[in-house]
Amino acid sequence: GILVVGLGGANGTTMLAGILANRLNLQWFGPKGESLSPNYNGCITQLKTKGVHGGVGYRGRSPALDKRLGDASMAAVGGWDIRSTSPGDALLEAQILDYDLVRQVRPEMNKVKIFRGLFDPRFIGTSQHETATYVLTEQDAQSDSEALKCLRADIRYFKWRNGVVGHTTVIWSASVEPNSDLVSKLKTANDLMCSIDLSEEERGGPLPPSLLYATAALLEGCSFVNGGSQNTLDCPALWELAKQQLGVYCLGTDFKAGQTKFKTAAVEYLRTMGLTPKVIASSNHLGNNDMKNINSAKAVSTAKLRVKHNIFKPWEEPQLDHKVSIMYTPYINDDKRDFVEYTSLGFLGQPHTMVTYTRASDSVLCVPLMIDVAVWCDYF
């Protein structure tokens with residue numbers, strides 16, 4: 001089972017479309033009229049060890065592994081959203097995948113039930129407020145405690161309705177939240193549960209929706225994966241709660257499959273040449289809803305930039321000047337662009353500069369990570 005928070009978004013609909021295309025073995029025409037077939041490129045849990053991918057896949061390594069490693073095409077997919085648009089219609093609106101493929105999967109996708117999402121306007125950019133019409137209201141849940149019960153009931157219903165027999169993973173793929181100061185103050189599982197039972201005034205502030213989704217997942221025996229940049233998992237209480245369950249995992253801070261991941265590989269390449277990286281300056285621009293949300297609230301963009309800036313922090317190299325800029329450009333939609341200039345010191349202190357340019361669909365980069373992490377959680 002895979003439950004996506006933000007199922008109607010670009011990542012959720014692209015993942016659902018990909019799983020259905022593989023399950024139904026669909027054929028479709030691409031933008032140049034070429035005939036295309038489904039695959040799981042980018043998903044290391046689904047690719048064969050022997051093949052065109054350089055041996056990175058895990059299929060075929062051993063009979064025991066093949067027996068236990070889940071087939072993504074067999075995954076039941078569901079989730080929550082704060083917009084009422086059906087998944088197939090949302091996929092069409094997103095204009096990410098080839099139209100002939102969208103045309104074929106749209107009716108089946110529209111049958112997938114979306115649960116009403118938690119909505120707190122303080123934890124999402126103003127650009128998302130007007131379309132947030134499919135939410136848990138005060139009639140559904142007058143408190144965080146009641147909201148938690150609703151989410152847990154949704155998870156139980158999803159498992160029952162789809163006959164899920166394997167592990168279920170809940171993935172946060174909704175809009176990035178501002179960081180929460182309360183999150184890191186919750187040290188134990190008991191602290192977390194007591195805080196949820198308290199009123200906002202008693203605890204000293206609001207709890208982010210992502211924390212309630214994570215808590216609901218863990219209490220229902222599901223793993224929770226944070227695909228956003230917010231500090232949800234800087235919460236010691238979540239780790240303790242996960243450890244109290246059997247075979248339940250809690251992981252993640254943002255999906256890094258594209259430009260940011262390549263940046264770390266490029267700097268490692270410079271180091272293997274014996275050079276000293278000094279300046280890494282990058283600009284990212286795209287026009288999808290995630291960037292629209294980030295662009296509409298300073299606290300949200302701060303959370304996103306924190307993750308992008310911190311990718312070199314573990315190396316503890318104070319001489320490295322790392323700069324990142326992000327821009328919202330609606331015209332290019334989900335087709336993300338990234339320009340990076342790397343300047344290092346070479347022989348006798350002479351400068352060495354390298355430039356990279358990357359262009360790829362943001363969702364097509366993220367979806368393989370979402371599938372792989374759900375399969376690995378099920379496996380372990």
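Two domains make up this protein: domain 1 covers 2-254 + 364-379, and domain 2 covers 258-360. The model you are looking at is predicted. Taken over C-alpha atoms, the centres of domain 1 and domain 2 lie 26 Å apart. Below is a short tour of how the two domains meet, which salt bridges to look for, and what the cysteines are doing.

**Where the two domains meet**

- At the boundary, 22 residues of domain 1 are in contact with 18 residues of domain 2.
- About 1500 Å² of area is buried between domain 1 and domain 2, and carbon and sulfur atoms give 50% of that area.
- Sorted by class, the side of domain 1 that touches domain 2 has seven nonpolar, eleven polar and four charged residues.
- Zero salt bridges are found across the interface of domain 1 and domain 2.
- Counting residues that are both at pLDDT 80 or more, one residue pair is in polar contact between domain 1 and domain 2.

**Salt bridges to look for**

- The structure as a whole holds 14 salt bridges, and three of them are described here, starting with Lys111 and Glu108.
- Lys111 pairs with Glu108, and their closest N and O atoms are 3.4 Å apart.
- In that pair, Lys111 counts as exposed because its relative accessibility is 63%, while Glu108, with a relative accessible area of 36%, is partly exposed.
- Asp335 is a good residue to find next: Asp335 forms a salt bridge with Arg337, with the closest N and O atoms 3.2 Å apart.
- Asp335 also forms a salt bridge with Arg359, where the closest N and O atoms are 2.7 Å apart.
- Arg337 has a relative accessibility of 16%, so this arginine counts as buried.

**The cysteines**

- The count of disulfides in this model is zero.
- Cys150 is one of the cysteines without a partner, because its sulfur is 16 Å from the closest cysteine sulfur, in Cys222, which is too far for a bond.
- Cys222 is in no disulfide either; the nearest cysteine sulfur to it belongs to Cys377 and is 10 Å away.
- For comparison, a disulfide would need the two sulfur atoms to be within 2.5 Å.
- Cys222 counts as buried because its relative accessibility is 0%.

Note on methods. Residues are numbered from 1 along each chain as its sequence is written. This is a predicted model: local features need pLDDT of at least 70, side-chain atom pairs count only at pLDDT 80 or more; totals for chains, interfaces and linings use all residues. Side-chain values use heavy atoms; hydrogens and water are left out. Buried means under 20% relative accessible area, exposed over 50%, partly exposed in between (1.4 Å probe, protein chains only). Domain bounds come from an automatic or database domain assignment. Contact means heavy atoms within 4.5 Å. Buried area is the accessible area (1.4 Å probe) that two parts lose on being put together, summed over both. A salt bridge is a side-chain nitrogen of Lys or Arg within 4 Å of a carboxyl oxygen of Asp or Glu. A polar contact is a pair of N or O atoms within 3.5 Å; within protein, one must be able to donate a hydrogen and the other to accept it, and residues adjacent in sequence count only if both atoms are side-chain atoms. Ala, Val, Leu, Ile, Met, Phe, Trp, Tyr, Cys and Pro count as nonpolar, Asp, Glu, Lys and Arg as charged, and the others, Gly among them, as polar.
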